[in-house]
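User: Could you take me through this model by way of questions and answers, with the reasoning laid out at each step?

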Amino acid sequence: MSNTADQKRGCRSYLGKRYDARRTIHRRVPWKAFTLSAVNVVVIAFFVFDRPLGQAAKSLSPPLVSIAGEVTDIGRLAWILAGLCTILATGYAVRRRLWKVRRRFRMACFVQMTAYVGLSVILASVCANTLKFLIGRARPLIYEQEGIFSFSPLNTDFLHQSFPSGHSANIGALFVALILLFPHVRLIFIGIGLWLGATRIIIGVHYPSDVVAGLALGAWLAFAVSILFARFGLIFAVGREGWPVPRLSRLI
């Protein structure tokens with residue numbers, strides 16, 4: 001027990017020193033501007049796009065709906081976490097062949113990357129599912145009965161858990177985390193993320209505003225977690241302007 005307690009105190013002291021060493025270059029998180037922008041986009045989607053999509057959901061091409069149904073579960077929390085665990089295990093097996101010191105360093109960085117992505121997605125999932133329970137918006141599946149303005153707060157029924165989209169929140173967190181880690185391929189990640197979010201609309205389980213809200217929520221949480229990691233010097237460094245910058249060049 002004493003060894004475990006000593007290790008915990010040592011870890012806290014180590015992280016505290018890393019945080020203090022970067023305190024002077026920390027900057028305030030611009031959450032107000034992001035929130036205002038996200039709210040405006042969600043409101044526009046709610047009043048402009050939700051009703052037409054709710055009316056058109058059942059008339060979409062069956063092959064398109066079938067394809068969307070096949071890929072949409074990529075946004076499930078269980079699938080994302082399973083993928084991260086698989087990548088981590090594979091990376092560990094590969095890095096065992098490297099020289100000892102380099103192997104340890106690269107494995108530590110790899111664990112930090114996986115922890116960052118996993119934490120971002122888990123936070124997004126928890127927040128999105130809590131909000132959809134509290135808000136209780138009716139899904140497009142019952143659009144003809146209840147329309148787009150039907151809300152039933154604290155409802156555990158699947159048909160009243162539309163806003164925000166949990167899958168989209170997971171997708172937003174996953175792909176923004178990947179964009180922050182690998183900014184040179186960000187356009188690819190943006191495209192994939194938007195298409196995966198759109199599948200929730202195509203299969204008729206979410207309105208556009210649900211998806212936009214989910215993507216924005218997940219994106220924001222991934223960015224906020226990256227700032228936290230940067231302040232401790234974990235996988236991100238604090239850039240010249242105070243924003244998180246990936247330290248992946250040190251993995252090469």
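The turns below go from the overall fold and confidence to single helices and residues.

User: Which pattern does the protein follow when read along the sequence?

Analyst: This is a predicted model, and its secondary structure comes to nine helices and two strands. Read along the sequence, these elements follow the pattern α-α-α-α-α-α-α-α-α-β-β.

User: Which helix has the lowest mean pLDDT among the elements of the protein?

Analyst: The mean pLDDT of the protein is 82, with 79% of its residues reaching 70 or more. Where pLDDT is low, the predicted coordinates should not be read in detail. Among the elements, helix α7 (residues 166-181) has the highest mean, 94, whereas the lowest, 54, belongs to helix α1 (residues 2-21).

User: How far apart are the end C-alpha atoms of α7, and what span should its 16 residues have?

Analyst: In α7, 16 of 16 residues are buried, while 42% of the 252 residues of the protein count as buried. At 1.5 Å a residue, the 16 residues of α7 should span 22 Å, and this agrees with the distance between its end C-alpha atoms, which is 23 Å.

User: Is R137 buried or exposed?

Analyst: R137 is placed in the loop between α5 (100-135) and α6 (143-146), and its side chain is joined to that of S209 by a polar contact of 2.8 Å. Because its relative accessible area is 1%, which lies under the 20% cut-off, R137 is classed as buried.

User: Which residue has its backbone oxygen 2.7 Å from a polar atom of the side chain of R186?

Analyst: R186 is found in helix α8 (residues 186-202), and its relative accessibility of 44% makes R186 count as partly exposed. From R186 to F175 there are 11 residues in sequence and 8.7 Å in space, C-alpha to C-alpha. The backbone oxygen that lies 2.7 Å from a polar atom of the R186 side chain is that of P183.

User: What is the approximate area of the nonpolar surface patch that includes V39?

Analyst: V39 is found in helix α2 (residues 31-56), and at 45% relative accessibility V39 counts as partly exposed, so it passes the requirement of over 30% relative accessible area for a patch. The other residues that make the patch are V43, I44, F47, V48, F49, F149 and F151. Together with V39, they make a nonpolar surface patch of about 770 Å².

Terms used:
Residues numbered from 1 in each chain as written. Predicted model: local features only at pLDDT ≥ 70, side-chain atom pairs only at ≥ 80, totals over all residues. Heavy atoms only, no water. Helix = DSSP H or I, 4+ residues; strand = E, 2+ residues; numbered from the N terminus. Buried < 20%, exposed > 50% of the residue type's maximum accessible area, 1.4 Å probe, protein only. Polar contact = N/O pair within 3.5 Å; in protein donor to acceptor, adjacent residues only side chain to side chain. pLDDT = per-residue confidence, 0-100. Patch = residues over 30% accessible without salt bridge, like charges linked within 9 Å, V, L, I, M, F, W, Y side chains within 5 Å. Areas by Shrake-Rupley, 256 points an atom, 1.4 Å probe, with all protein chains shown as cover. Salt bridge = Lys/Arg side-chain N within 4 Å of Asp/Glu carboxyl O. Expected span 1.5 Å × (residues − 1).
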